[in-house]
Amino acid sequence: GNPELPTAVNITWSSINFKTILQWQPKPSGYFYTVEIHGQTSDTKKKCVRTAETECDVTDVLKNVKETYTAHILSVTSSGMDNFEEPPFAVSEKFTPYSQTVLGKPEIQNYTQKGSKLNVVFQDPLTPYTFPNGSFKSIRDIFQHDLEYKLYYWKDQSSGKKDTTTKSHNFEVSVDSTKSYCFYIQGIIPSRRENRNGQESMVLCTSVGRSILDEYGAEVFIIIAVIAIAVITLAVVLSVILCKRKKAKAAREKEPLNGV
């Protein structure tokens, strides 16, 4: 082989919703990398052949998501793949997409707070994989009954947090009808030992029972009050000045003309 060529180090798998990127170091100089993906039961597949980059999108060769894979990152010269010598390579940690990909953020489609009920409707994150008709599979299509979602909710401006779970696409929880609530959603795979909790959705809040003071804060009212006082003061000062000028003008007009 070419033992003088450096081999890859710090090899990592980065995967969200089954989109998987392989990354490593160092940046090559005078040589290239080729990635080989080895499955336990599948044939070896090459990706990013003779690349000068230090990352490779390997999503399309990991379609059997329950398979366990390793990556061999070969260090090759421009003609290194054309001879019969095996180039030097580094081997990654094992990676199983089904148990290691991170669940992405759920998308909240709609939410309402009517009376004492908070309703939240959301959508599953999509994956890069498709059905035969070309439509994208969601994470629910892959995980099926292994997937559930948790809703965290709390009274606005309060630290007390409650949660509930569902396997459907919506939540309905009982709340205080006079208070606003904030919430977020997170996907969960309870059967996992690691990476059980997915990314958190954005935090949203209802506006039921919120006063203007809750909405904008006391600082805004202080600023408005200061501006109002300044405007009133200016108006009073201008009125006094104009009044004095009018009186002075009237007094001058009443004075007799000199020499008459």
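These legends accompany close-up views of a predicted model of one protein.

**Figure 1. The whole protein, with its helices and strands.** The protein has 260 residues, and 36% of them count as buried. Its secondary structure consists of four helices and 17 strands. Among contacts between residues at least 6 apart in sequence, 60% join residues at least 24 apart.

**Figure 2. The largest nonpolar core.** This core holds 43 residues. Trp24, Ile37 and Leu62 are the members that touch the most other members. Both domain 1 (9–95) and domain 2 (107–206) supply at least three residues to the core. Not counting residues up to four places away in sequence, Ile37 touches ten named residues in this view: Trp13, Asp43, Thr44, Lys45, Val58, Val61, Leu62, Tyr69, Thr70 and Ala71. Leu62 is thus named both among the contacts of Ile37 and among the core residues that touch the most other members.

**Figure 3. The open sheet of four strands.** The strands follow the order E4-E3-E6-E7, and their pairing is antiparallel. Strand E4 (45–51) and strand E7 (89–91) are the edge strands; each has a single partner, so one side of each is left without a neighbour in the sheet. Neighbouring strands are turned by 15 degrees against each other on average, direction ignored. Strand E6 (residues 69–76) is joined to E7 by three bridges, and the two run antiparallel. Within this pair, Ile73 is the residue opposite Ala90 in E7.

**Figure 4. Phe32 in strand E3.** Phe32 belongs to strand E3 (residues 32–39). Its relative accessibility is 27%, so Phe32 counts as partly exposed; a residue would have to be under 20% to count as buried. Beyond its neighbours within four places in sequence, Phe32 is in contact with Arg50, Thr51 and Ala52, and also with Leu74, Ser75, Val76, Thr77 and Ser78. Thr54 lies 22 residues away from Phe32 along the chain, and the C-alpha atoms of the two are separated by 9.5 Å.

**Figure 5. The open sheet of three strands.** Here the order is E8-E9-E14, again with antiparallel pairing. E8 and strand E14 (170–174) stand at the edges with a single partner strand each, so each has one side without a neighbour in the sheet. From one strand to the next, the twist averages 15 degrees. Seven bridges pair E8 with strand E9 (residues 117–123) in the antiparallel sense. Two of the facing positions are shown: Ile108 stands opposite Phe122 in E9, and Gln113 stands opposite Leu118 in E9. E8 and E9 form a hairpin with two residues between the strands, where Gly115 takes a positive phi near 60 degrees.

**Figure 6. The surroundings of Gln113.** Gln113 sits in strand E8 (residues 107–114). With 10% relative accessibility, Gln113 falls under the 20% limit and therefore counts as buried. The side chain of Gln113 meets the backbone at two places. A polar atom of this side chain lies 2.7 Å from the backbone oxygen of Lys179, and the side chain also reaches the backbone oxygen of Asp176 at 3.5 Å. Both Asp176 and Lys179 appear in the contact list of Gln113, which leaves aside neighbours within four places in sequence. The list also includes Leu118, Val175, Ser177, Ser180, Tyr181, Thr206 and Val208.

**Figure 7. Backbone geometry at Pro26, Cys48 and Gln144.** Most residues other than glycine have a negative phi, and most peptide bonds are trans. The peptide bond from Gln25 to Pro26 is cis, with omega near -5 degrees. Pro26 is in the loop between strand E2 (19–25) and E3. Cys48, a residue other than glycine, has a positive phi near 50 degrees. Cys48 is part of strand E4, and its relative accessible area of 27% makes the residue partly exposed. Gln144 is not a glycine either, and its phi is positive at about 50 degrees. Gln144 is located in the loop between helix H2 (139–143) and strand E12 (148–155). The relative accessible area of Gln144 is 51%, which is over the 50% limit, so the residue counts as exposed.

Conventions:
Residues numbered from 1 in each chain as written. Predicted model: local features only at pLDDT ≥ 70, side-chain atom pairs only at ≥ 80, totals over all residues. Heavy atoms only, no water. Buried < 20%, exposed > 50% of the residue type's maximum accessible area, 1.4 Å probe, protein only. Polar contact = N/O pair within 3.5 Å; in protein donor to acceptor, adjacent residues only side chain to side chain. Contact = heavy atoms within 4.5 Å. Pairing = 2+ DSSP bridges. Axes fitted to C-alpha atoms, helices over the stretch in contact; angles between N-to-C directions. Core = buried A, V, L, I, M, F, W, Y, C linked by side-chain atoms within 4.5 Å. Domains from an automatic or database assignment.
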